[in-house]
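Welcome, and please open the model in your viewer. We will go from one selection to the next and say what is there.

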Amino acid sequence: MTRKLTLTHFATGEVLTGVANLITREVTVTMPSGEVLRGKYTTVEQNDAGTNITASALLKSDTSKLMLELKLTGNEFGSGFGEAETNDGRKYKVQF
């Protein structure tokens, strides 16, 4: 089971795409250059009913030092929102 991620640059409107695998917890995001960032998310907080979760991930490139930190809040249906920031200062709003 996967969910598509859409990351929109807060200042320029540039859009990145990504995928989160809800079973393996792996997240991949493709940068405009074609560089792929990968990592796994972890659940940081979950309410008692399990319907709302907060998760985070640190994605890394295999070809450079570029990293992307994701902070996400979602529901039991696998949809939600969040923020992301690269280690070189680019900030994105995330929807999934």
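Start by selecting β5 and strand β6 (residues 67-75): 9 bridges join the two, and they run antiparallel. Strands here are DSSP runs of E with at least two residues, helices are runs of H or I with at least four, and both are numbered from the N terminus. Two strands count as a pair if DSSP finds at least two bridges between them. Now pick I53 and look across to β6, where its bridge partner is G74. Follow the chain from β5 into β6 and you pass through a hairpin of 5 residues.

A word about what you are looking at: this is a predicted model, in which local features need pLDDT of at least 70 and side-chain atom pairs count only at pLDDT 80 or more, while totals for chains, interfaces and linings use all residues. Residues are numbered from 1 along each chain as its sequence is written, and side-chain values use heavy atoms, with hydrogens and water left out.

**Next stop: β4 and its two partners**

Keep β5 (residues 52-61) selected and add strand β4 (residues 36-46); 7 bridges join them, and they run antiparallel. Two residue pairs are good to highlight here. L37 stands opposite S61 in β5, and T42 in β4 has S56 in β5 as its bridge partner.

Now turn to the other pairing of β4. It is joined to β3 by 5 bridges, and these two strands run antiparallel. Select V29, and you will find its bridge partner in β4 to be L37. L37 therefore deserves a label of its own: V29 is its bridge partner, and S61 in β5 stands opposite.

Between β3 and β4 there is a hairpin with 5 residues between the strands, and in this hairpin G34 takes a positive phi near 95°.

**Into β3, and back along the loop**

Select T28, which is found in strand β3 (residues 26-30). Is T28 buried or exposed? T28 is buried, with a relative accessibility of 18%; buried means under 20% relative accessible area, exposed means over 50%, and partly exposed lies in between, using a 1.4 Å probe and protein chains only. To see what surrounds T28, show T17, G18, V19, V36, L37 and R38, its contacts once neighbours within four places in sequence are set aside. A contact here means heavy atoms within 4.5 Å.

Step back to R25, in the loop between β2 and β3. Its phi is near 70°, a positive value in a residue other than glycine. R25 is partly exposed, with a relative accessible area of 32%.

**On to β2 and β1**

One of the contacts of T28 is V19, so go there now. V19 is found in strand β2 (residues 15-21) and is partly exposed, at 38% relative accessible area. Which residues does V19 touch, not counting residues up to four places away in sequence? They are T2, R3, L5, E26, V27 and T28. Try a distance label too: the C-alpha atoms of V19 and K4 are 4.6 Å apart in space, with their positions 15 residues apart in sequence.

From V19, move to T2, which has its place in strand β1 (residues 2-9). T2 counts as partly exposed, at 46% relative accessibility. Beyond its neighbours within four places in sequence, T2 is in contact with V19, A20 and N21. The C-alpha atoms of T2 and L22 are separated by 5.7 Å, while the two residues are 20 apart along the chain.

**Zoom out to the whole chain**

Clear the selections and view everything together. The protein chain has 0 helices and 8 strands. Its radius of gyration, taken over C-alpha atoms, is 13 Å, close to the 12 Å given for 96 residues by the globule rule (2.2 Å times the number of residues to the power 0.38), so the chain is as compact as a globular protein of that length. The C-alpha atoms fill a box of roughly 40 × 25 × 20 Å along the principal axes.

Of the 96 residues, 31% count as buried. Among contacts with a separation of 6 or more, residues 24 or more positions apart account for 25%.
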